[in-house]
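Hello, and welcome to this structure. Here are a few notes to read with the model open beside you.

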Amino acid sequence: MARLDENLGAVGFDNLINGVNPPAEVFSVELKGGQGVLERGTLLAIADGGMVKISAATTGKANAVLADAVDTGDGDTIVATAYRTGHFNTNSLIVADGYEITAADKEALRVAGILLSDAVEM
């Protein structure tokens, strides 16, 4: 029997989701293989062969936010879960090294049903 005074686990707060409107709705996406491990909160863009972490090559094609960490392996596409709608903190999203989210990315996300806001860092 479990004791009532022991800690059985903990949930971390990653500051990814900003608010409840629009609601965060998930769907399945096909990720292009060979990208290594993509973390929860990775901003995904549409590309040939599957969705990829957004970079300069995919500016303006932002479409979803990865819901869970996933290893994309070496070759084939990988099915993963991503948010198709929701309200997210811009500074919690993961993008390619050296890449900054552009106005074209924000507009593509807005059209898809994803809103971005800046989170206050504590």
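The points below go from the core and its strands to the side-chain pairs and one exposed residue.

1. **What you are looking at.** Please keep in mind that this is a predicted model.

2. **The main core.** A good place to start is the largest nonpolar core, which has 16 residues. Within this core, Leu43, Ile54, Val65, Phe88 and Leu93 touch the most other members. Strands β4 (43–45), β6 (62–66) and β8 are the elements that each give two or more residues to it. There is also a second, separate core of 10 residues, and Val29, Leu38, Leu66 and Ala80 are among its members.

3. **Ile54 and its surroundings.** If you would like one residue to centre your view on, try Ile54, one of the core residues that touch the most other members. Setting aside neighbours within four places in sequence, Ile54 is in contact with Leu43, Ala45, Ala62, Val95, Ala96, Tyr99 and Asp105. Leu43 therefore appears both in this contact list and among the core residues that touch the most other members.

4. **Strand β6, between two partners.** Next, follow β6. Strands β4 and β6 run antiparallel and are joined by 3 bridges, with Leu43 having Val65 as its bridge partner in β6. On to β8: 2 bridges join β6 to that strand, again in an antiparallel arrangement. Here the bridge partner of Val65 is Tyr83. Strand β6 is largely enclosed by the rest of the structure, because 4 of its 5 residues are buried.

5. **An aromatic pair.** How many aromatic pairs does the structure hold? There is 1, made by Tyr83 and Phe88. Their ring centres are 5.3 Å apart and the ring planes meet at 50°, so the pair is classed as tilted; a pair counts as edge-to-face over 60 degrees and as stacked under 30. Both partners are buried: Tyr83 has a relative accessible area of 9%, and Phe88 has one of 0%.

6. **A salt bridge between strands.** The whole structure has 2 salt bridges. In one of them, Arg84 pairs with Glu25, and the closest N and O atoms are 3.0 Å apart. Arg84 sits in strand β8 (residues 78–89) and Glu25 in strand β2, so this pair ties together parts that are 59 residues apart in sequence. Arg84 is partly exposed at 34% relative accessibility, and Glu25 is partly exposed at 39%.

7. **A salt bridge within a helix.** Arg110 forms a salt bridge with Glu107, with the closest N and O atoms 2.6 Å apart. These two residues are 3 apart in helix α1 (residues 103–112), a separation of about one helical turn. Arg110 counts as partly exposed, at 46% relative accessibility, and so does Glu107, at 38%.

8. **Ser28, on the outside.** Is Ser28 buried or exposed? With a relative accessibility of 56%, Ser28 counts as exposed, since the cut-off for that class is over 50%. Ser28 belongs to strand β2 (residues 25–31). Leaving out neighbours within four places in sequence, its contacts are Val79 and Ala80. Ala80 is also listed in the second core. As a last distance to check, the C-alpha atoms of Ser28 and Ala45 lie 14 Å apart in space, while the two residues are 17 apart in sequence.

Note on methods:
Residues numbered from 1 in each chain as written. Predicted model: local features only at pLDDT ≥ 70, side-chain atom pairs only at ≥ 80, totals over all residues. Heavy atoms only, no water. Phe/Tyr/Trp six-rings, centres within 6.5 Å; stacked < 30°, edge-to-face > 60°. Buried < 20%, exposed > 50% of the residue type's maximum accessible area, 1.4 Å probe, protein only. Contact = heavy atoms within 4.5 Å. Salt bridge = Lys/Arg side-chain N within 4 Å of Asp/Glu carboxyl O. Core = buried A, V, L, I, M, F, W, Y, C linked by side-chain atoms within 4.5 Å. Pairing = 2+ DSSP bridges.
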